[in-house]
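Me: I'd like to learn how to read a fold from its strands, helices and pockets. Can you take me through one?

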Amino acid sequence: MASDFWLIVGLGNPGKKYEDTRHNMGFMTADVLAERWSVAFSDHKGLAMLGKGAMSLNGSTVKFFLAKPLTYMNDSGNAVASISAYYQIKPDHIVVIHDDMDLEFGRIKVKAGGSAGGHNGIKSIDRSLGTPQYARVRMGVGHAKRGANAHDNTVNWVLGGFGPDQRKQLPEFLMDGADAAEEIIFNGLAKTQEKFNGR
């Protein structure tokens, strides 16, 4: 019996040193949703911080779980698969929010399926769920410098913080990301793509 709950997952790395880094856009957006819908997090099997709530838009209400995996980014799939199995939530009721270097800072794209785009958290979820057919809110963080040390540059970039200009824009960007997740749930992927992808 599939659940009528949705699962929203914000990706990131746990621990002080990763707070406010580009790779933690998902965690930060999940925190906005938690505040907006009064969700309290508690531990799910040591794999994730998990809370549940109900969101209401345009007169309808949807129940949802909100998760921040504690597995570190590269094993995010273990947490997502555990929650979706435990609560019987199918991939078409899962929304994953994550940072994306292929988009400029401040841009959001939503999609379902397709390539993981080199994102280890998404690769892990694809593997653990056995499908890439879940919705994704891609939060742009811009790109590191290319060149000789491309891999190291990328690692340092995603684990780096935001400059003063970006920091100013961040609260609004995170609210937009939270809006995108809600829109997918209430209005479906196609309508949400029309609204966000062209910006």
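Reply: Let's go through the sheet, then the helices, then the largest pocket. This is a predicted model, where local features need pLDDT of at least 70, side-chain atom pairs count only at pLDDT 80 or more, and totals for chains, interfaces and linings use all residues. Residues are numbered from 1 along each chain as its sequence is written, and side-chain values use heavy atoms, with hydrogens and water left out.

Me: In what order do the strands of the sheet lie?

Reply: Some ground rules: helices (H or I, at least four residues) and strands (E, at least two) are DSSP runs numbered from the N terminus, and two strands pair if DSSP finds at least two bridges between them. Here seven strands make an open, mixed sheet, ordered E2-E3-E4-E1-E5-E7-E6. Its edges are E2 (42-44) and E6 (108-112), each pairing on one side only. E2 runs antiparallel to E3 (residues 48-57), joined by three bridges, and Ser42 sits opposite Leu50 in E3.

Me: Which strands does helix H2 touch?

Reply: Contact means heavy atoms within 4.5 Å. Angles run from 0 to 180 degrees between N-to-C directions, with axes fitted to C-alpha atoms, for helices over the stretch in contact. H2 (residues 76-86) packs on the sheet, touching E1 (6-10), E2, E3, E4 (60-69) and E5 (94-100), and its direction makes about 165° with that of E1. H5 (residues 164-187) also packs on the sheet, and its direction makes about 165° with that of E7 (135-140).

Me: At what angle do H1 and H5 cross?

Reply: The axes of H1 (residues 25-36) and H5 come within 9 Å and cross at roughly 75°. That makes H1 roughly perpendicular to H5 (the cut-offs: under 35 degrees is roughly parallel, over 145 roughly antiparallel, 65 to 115 roughly perpendicular, the rest oblique). Residues in the contact include Met28 and Val32 of H1 and Phe173 and Leu174 of H5. By class, the contact has 10 nonpolar, two polar and three charged residues (Ala, Val, Leu, Ile, Met, Phe, Trp, Tyr, Cys and Pro are nonpolar, Asp, Glu, Lys and Arg charged, the others, Gly among them, polar).

Me: Which residues are closest to the centre of the largest pocket?

Reply: Rolling a probe the size of a water molecule over the atoms shows where empty space is left. On a 1 Å grid over the protein atoms alone, with a 1.4 Å probe, a pocket is an open set of points with protein on both sides within 12 Å along at least five of seven lines, and lining residues have an atom within 4 Å of a point. The largest pocket holds about 580 Å³, a volume being the space filled by probe spheres set on the points, with grid points joined across faces, edges and corners. Of its 27 lining residues, His23, Gly118, His119, Asn120 and Thr154 are closest to the centre. H4 gives the most to this lining, four residues.
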